[in-house]
Amino acid sequence: MVKAKKYVLIKYFEGEPKATDLKFVEEELPPLQNEEFLVKAEYLSVDPYMRPYTQNFPLGTTMIGSQVARIMESKHPDFPVGKRVIGYLGWRDYTIVGPSNFSKVSQNTLLPVGRIDILPDIGDLSPSLALGALGMPGITAYFGLMEICKPKPGETIVISGAAGAVGSHVGQIAKNLGLTVIGICGSDEKCKWLTDELGFDVAINYKTKSIAKSLRKAAPQGIDCYFDNVGGETSSIVMYQMKQFGRVAVCGTISNYNYDLELLPKSTDVLTAILMHRLKVEGFVVSQWMDRWTEGIQQNLQWIREDKLRYRETVTKGFENMFDAFIGMLRGGNIGKAIVQV
Ligand SMILES: NC(=O)c1ccc[n+]([C@@H]2O[C@H](COP(=O)([O-])OP(=O)(O)OC[C@H]3O[C@@H](n4cnc5c(N)ncnc54)[C@H](OP(=O)(O)O)[C@@H]3O)[C@@H](O)[C@H]2O)c1
């Protein structure tokens, strides 16, 4: 008999999430039925979407999230013991996966909940990359940049949330394509990583510097593309400094995730910037490229192998520290992808 641990949502988050909004539960798992298999989590992801998306699930739901797990027992011929899987199994260590809880992917769902895939062979690279550069965040960066910003060599791009999983990835692809890359992030250590190791041209610490002044200096001719991870006043400032026909990819608005939709913080109206600069602003959700998921992974893998794409992980050890990793990421404690290693 296997004992599993999981975190259950018992109170909807209000403001910043609290540890008491979740309950740590142990349960005994039943024996496997036909077409089921048992997996043990090795790496779990903590991501910004978990803050707003949990509001869409009933209380009592296992906290949502993806993990890389190893198959421990199996009664399913396609999922043999020893293989690794990636899937949205939630915040739990052991899980029985069966026909009732996988392979129900719909283009319309925001998250590929219910999808379980055998981890592709990535050789000597860490399986945890399937949660970052070779997973959802990396695919977000690739398609969001290529399909929405449509970058061209010689252009200038600004990226907010630049030192996180998605932002750091976007900046490197843009640099490889021949753009001038400006990142905005929340510490000097993050800025140094972006410019010294990832090749960003300029990095702005929004906590200590004026974004408006720094951008005027870094991009005196204006900005062609903006890859937006944070929203709010930062985005207004950037958009007023864009060139005619600039393109904005709205990937995330983490600066307001801790607020109720009715009480969002006010920021400078961006419509005048959109009108005056004739901007094209488009929001996207990565699942809209579900049918091209493998292309995203293959492209990112190739760039990693060619040393054109670097990654960093902030790893928290221990399943019992899931909440600390989550809140740490929301507060900006991570550089690159935030991961929990069981
Ligand atoms: N559209 C999609 O399909 C899609 C898919 C994946 C992710 N996303 C979005 O992309 C964004 C980045 O996700 P990620 O996984 O790469 O997370 P991440 O950037 O690795 O981690 C979150 C980061 O957000 C920054 N942050 C927190 N509060 C902030 C605030 N008030 N103002 C500015 N920055 C703040 C922190 O960095 P600092 O130290 O710089 O503040 C923190 O490290 C999020 O908005 C996420 O929701 C969207």
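**The ligand shell, a helix pair and one buried residue**

Helix H3 gives the most to the shell around the ligand, contributing three residues. I should say at the outset that this is a predicted model, so please take what follows as a description of that model.

Staying with the ligand, there are 29 residues around it, and of these the ones that come nearest are Gly-164, Val-166, Gly-186, Gly-252 and Gly-332. The elements giving two or more residues to the shell are H2, spanning 136-149, H3, spanning 165-176, and H9, spanning 322-330. If we sort the shell by class, we find 16 nonpolar and 11 polar residues, together with two charged ones. As for where the ligand sits, domain 1 (2-132 + 312-341) and domain 2 (136-286) both give residues to the shell, and the ligand therefore lies between them.

Let me turn to H2 again, this time for its packing against helix H8, residues 293-305, where the two axes come within 9 Å and cross at roughly 95°, an angle that makes H2 roughly perpendicular to H8. On the H2 side the contact is made by Gly-138, Ile-139, Tyr-142 and Phe-143, while H8 brings Trp-293, Gly-296, Ile-297, Gln-299 and Asn-300. Of the residues in this contact, five are nonpolar and four are polar, with no charged residue.

Finally, I would like to look at Ile-159, which is placed in strand S8, residues 156-160. Ile-159 counts as buried because it has 34 C-beta neighbours inside 10 Å. Leaving aside residues up to four places away in sequence, Ile-159 touches Gly-167, Val-170, Gly-171, Gly-183, Ile-184 and Phe-227. For Val-170, which is 11 residues from Ile-159 along the chain, the C-alpha separation from Ile-159 is 7.7 Å.

Methods: Residues numbered from 1 in each chain as written. Predicted model: local features only at pLDDT ≥ 70, side-chain atom pairs only at ≥ 80, totals over all residues. Near = placed C-beta within 6 Å. Helix = DSSP H or I, 4+ residues; strand = E, 2+ residues; numbered from the N terminus. Nonpolar A, V, L, I, M, F, W, Y, C, P; charged D, E, K, R; others polar. Domains from an automatic or database assignment. Axes fitted to C-alpha atoms, helices over the stretch in contact; angles between N-to-C directions. Parallel < 35°, antiparallel > 145°, perpendicular 65-115°, else oblique. Contact = placed C-beta atoms within 7 Å. Buried ≥ 20, exposed ≤ 12 C-beta atoms within 10 Å, placed from the backbone.
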